[in-house]
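Please open the model in your viewer and keep the sequence panel beside it, since this tour moves from one selection to the next and says what is found at each stop.

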Amino acid sequence: MNAGRTARERARAQLTREITEIARRQLGTEGAGGLNLRAIARELGMVSSAIYRYYPSRDELLTALIIDAYTAVGEAVERADAARDPDDHAGRWRAVCHAVRDWALAHPHEYALIYGSPVPGYQAPADTVGPAVRDTVVYGRILASAYAAGVLTPPDGFPAPPPSFAGDADAVRELMPGLPDDLVARAIAAWTGLFGFLSFELFGQFANVIDDRATLFEHQVRTLGRLVGLPAS
């Protein structure tokens with residue numbers, strides 16, 4: 001009886017993987033808004049009603065793909081950080097930035113799913129939040145550790161954040177404890193600057209403009225690191 005259940009569970013897990021693999025291919029050809037459960041069922045040779053036992057709606061399949069994508073980039077960032085000397089804060093920052101770029105270049109359609117335009121009519125459920133912040137948690141940990149060690153030396157000459165930012169800073173500080181409002185604001189600028197570069201690169205805005213994007217990316221990463229006060233070396 002147990003062996004039979006295990007076999008059924010394995011078969012279900014395998015078919016679930018096949019469904020999500022086909023759905024990822026659809027992301028590349030039709031975009032997230034074009035996900036079609038009936039088309040996936042036809043490709044698998046299933047009757048269309050059968051696929052709804054695995055994903056009752058397009059939105060549930062979309063949520064699964066979003067969670068998988070966030071989990072993948074989060075794991076890539078965690079591995080990159082773990083491979084560095086914990087006291088090399090600037091090296092850790094560069095490593096996690098390159099991990100995000102490497103993952104994005106290898107999975108452009110999944111990157112577009114989670115960092116591109118919202119899917120019309122789709123509202124992400126709460127269970128996407130944890131996977132979505134895995135990479136940000138690592139980033140916050142790097143900055144909090146650097147600040148506690150006294151090695152963050154942000155350059156002068158930048159305006160202070162507006163007073164209205166104080167409440168928002170408290171919420172963000174949960175991910176980077178100990179940082180003052182000014183550094184929290186710079187941290188947001190650096191993190192969003194990373195994804196801004198990647199979005200321009202992946203969505204074609206650098207076409208016929210920037211040829212050596214890898215070298216410029218490294219410069220961008222070091223510049224954004226200095227903005228938040230990480231050592232230049």
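How many salt bridges does the count come to? The count comes to 14 salt bridges, in a model that, as should be kept in mind throughout, is predicted.

**First stop: R24 and its partners**

Select R24 and E110 and show their side chains: the two form a salt bridge, with 3.7 Å between the closest N and O atoms. R24 belongs to helix α1 and E110 to helix α6, so that this pair links distant parts of the chain, 86 residues apart. Colouring by accessibility would set the two partners apart, because R24, with a relative accessible area of 24%, is partly exposed, whereas E110, at 14%, counts as buried. Now add D68 to the selection, and you have a network of salt bridges that links R24, D68 and E110.

**Second stop: two further salt bridges**

Move to R134 and E78, whose side chains meet in a salt bridge with an N to O distance of 2.7 Å. Here too the pair links distant parts of the chain, with R134 in helix α8 (residues 134-149) and E78 in helix α4, 56 residues apart. R134 counts as partly exposed at 25% relative accessibility, and E78 is likewise partly exposed, at 30%.

Next select R173 and D181, where the side chains meet in a salt bridge at 2.8 Å, N to O. Which of the two classes, buried or partly exposed, applies to R173? With a relative accessibility of 19%, R173 counts as buried, because the cut-off for that class is under 20%. D181, by contrast, counts as partly exposed at 27%.

**Third stop: the aromatic pairs**

Turn now to the rings, of which the structure holds 11 aromatic pairs. A pair of aromatic rings is described by the distance of the centres and the angle of the planes. Select Y70 and Y115: their ring centres are 6.1 Å apart and their planes stand at 85°, so the pair is edge-to-face, given that an angle over 60 degrees is what this class requires. Y70 lies in helix α4 (residues 58-82) and Y115 in helix α6 (residues 108-115), and the pair therefore ties together parts that are 45 residues apart in sequence. Y70 is buried, at 14% relative accessible area, while Y115 counts as partly exposed at 24%.

Go on to W93 and W191, which form a tilted aromatic pair, with 6.3 Å from centre to centre and 50° between the planes. This pair also links distant parts of the chain, since W93 sits in helix α5 (residues 89-106) and W191 in helix α10 (residues 181-202), 98 residues apart. Both tryptophans are buried: W93 has a relative accessibility of 3%, and W191 has one of 10%.

To see how these residues belong together, extend the selection to Y70, W93, Y111, Y115, Y139, W191, F195 and F203, which form one aromatic cluster. For a ring with a charge as its partner, select R101 and F217, where the charged end of R101 sits over the ring of F217, 5.3 Å from the ring centre.

**Fourth stop: A112**

Return to helix α6 and select A112, which lies in that helix and counts as partly exposed at 27% relative accessibility. When residues up to four places away in sequence are not counted, A112 touches S117 and F203, and F203 is one of the residues of the aromatic cluster. If you then draw a distance from the C-alpha atom of A112 to that of G31, the separation is 8.8 Å, although the two residues are 81 residues apart along the chain.

**Last stop: T20**

Finally, select T20 in helix α1 (residues 2-30). Where does the side chain of T20 reach? The side chain of T20 reaches the backbone oxygen of R17, at a distance of 2.9 Å. T20 counts as buried, with a relative accessibility of 7%, and if its neighbours within four places in sequence are left aside, T20 is in contact with Y55, L61 and L65.

Note on methods. Residues numbered from 1 in each chain as written. Predicted model: local features only at pLDDT ≥ 70, side-chain atom pairs only at ≥ 80, totals over all residues. Heavy atoms only, no water. Phe/Tyr/Trp six-rings, centres within 6.5 Å; stacked < 30°, edge-to-face > 60°. Helix = DSSP H or I, 4+ residues; strand = E, 2+ residues; numbered from the N terminus. Buried < 20%, exposed > 50% of the residue type's maximum accessible area, 1.4 Å probe, protein only. Lys NZ or Arg CZ within 6 Å of the ring centre and 35° of its normal. Polar contact = N/O pair within 3.5 Å; in protein donor to acceptor, adjacent residues only side chain to side chain. Contact = heavy atoms within 4.5 Å. Salt bridge = Lys/Arg side-chain N within 4 Å of Asp/Glu carboxyl O.
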